Amino acid sequence: MNQSARTKKALFLDRDGIFTHLVNHPEGLGAPRNWKQVRFFDEMQNLSRIKSHGYLLILATNQPDIERGWIEQSFADELNDYLSKHYGLDGIYMCTFSDEDHPMKKPNPGMFFKAAEDFLISLSASFHLGDTWKDVSAAQKAGVKPVLWSREYNQDVSCPMKICNLKELEAIL
Ligand SMILES: [Mg+2]
């Protein structure tokens, strides 16, 4: 692939902790496992404003609970489809594997590389909005600029850019 052909820029978006609230499971904070557990962050209703800055909106989500048997793939697909339609997402990448070394599973950068190929994205012109160290690390390995949405549970995560609302994100883009 000729790198110079990659001219589009993207805002890569994590799912849980960005679009949806984390759920307090016996195993710890994690993804919703059914529709009853889904609660959306109101703030994300303003996401369409980001499109006007010329960014593709691309979901990049780890869903290892699918391989663990805690989440049905059909539910994860339905939720992703809902997000895609409701928020006007351009692409969806989901890693269903629980092996921490899987190249597609954040903190590894595989999903970003695949999206860059599929959409001709310049990774260095792109951002990733996430809520954990794995999001930050995966983005940095891909050459994507990481942005951490500051939450109660991630105050110990270091990231060059942290935001508390979408207005602060718009100021960075
Ligand atoms: Mg998350």
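In the predicted model, Lys105 is in contact with Asn62, Pro64, Cys95, Phe97, Ser98, Asp99, Glu100 and Lys134, neighbours within four places in sequence being left aside. The residue is placed in the loop between β5 (91-95) and α4 (110-119). Because its relative accessibility is 2%, below the 20% limit for burial, Lys105 counts as buried.

One of the contact partners of Lys105 is Cys95, a residue of strand β5. Cys95 likewise counts as buried, since its relative accessibility is 3%. With neighbours within four places in sequence again excluded, the contacts of Cys95 comprise Thr61, Asn62, Gln63, Pro64, His102, Met104, Lys105 and Met111. Asn62 and Pro64 thus appear in the contact list of Cys95 and also in that of Lys105. Between Cys95 and Met111, the C-alpha to C-alpha distance is 7.9 Å, with a separation of 16 residues in sequence.

Strand β5 also takes part in the packing of helix α3, whose buried residues pack against β4 (55-62), α2 (64-67) and β5. Helix α3 spans residues 73-87, 15 residues in total, and extends 21 Å from its first C-alpha to its last, close to the 21 Å expected at 1.5 Å a residue. Its buried residues are Phe75, Ala76, Leu79, Asn80, Leu83 and Tyr87. These residues lie on the same side of α3 because they cover an arc of only 135° around the axis. Just after the helix, Gly88 adopts a positive phi of about 65°.

The magnesium ion has three protein donors, namely Asp14 (OD), Asp16 (O) and Asp131 (OD), at 2.0 to 2.2 Å from the ion. Along the chain, the donors follow the spacing D-x1-D-x114-D. Asp14 and Asp16 are both buried.

The largest pocket encloses about 550 Å³ of space. It is lined by 25 residues, of which Leu29, Gly30, Ala31, Pro64 and Thr132 are the closest to its centre. Two or more lining residues are contributed by each of β3 (28-30), β4, α2 and α5 (133-142). Among these elements, β4 and α2 also pack against the buried residues of α3. Pro64, one of the residues closest to the pocket centre, is in contact with Lys105 and with Cys95.

Definitions and conventions: Residues are numbered from 1 along each chain as its sequence is written. This is a predicted model: local features need pLDDT of at least 70, side-chain atom pairs count only at pLDDT 80 or more; totals for chains, interfaces and linings use all residues. Side-chain values use heavy atoms; hydrogens and water are left out. Helices (H or I, at least four residues) and strands (E, at least two) are DSSP runs, numbered from the N terminus. Buried means under 20% relative accessible area, exposed over 50%, partly exposed in between (1.4 Å probe, protein chains only). Contact means heavy atoms within 4.5 Å. Donors are N, O and S atoms within 2.8 Å of the metal (3.2 Å for Na, K and Ca); water is not among the atoms, so sites may look incomplete. The expected span of a helix is 1.5 Å times one less than its number of residues. The arc is that of the directions from the helix axis to the C-beta atoms. On a 1 Å grid over the protein atoms alone, a cavity is a set of points where a 1.4 Å probe fits but cannot get out, and a pocket is an open set with protein on both sides within 12 Å along at least five of seven lines; lining residues have an atom within 4 Å of a point. Grid points are joined across faces, edges and corners, and a volume is the space filled by probe spheres set on the points.
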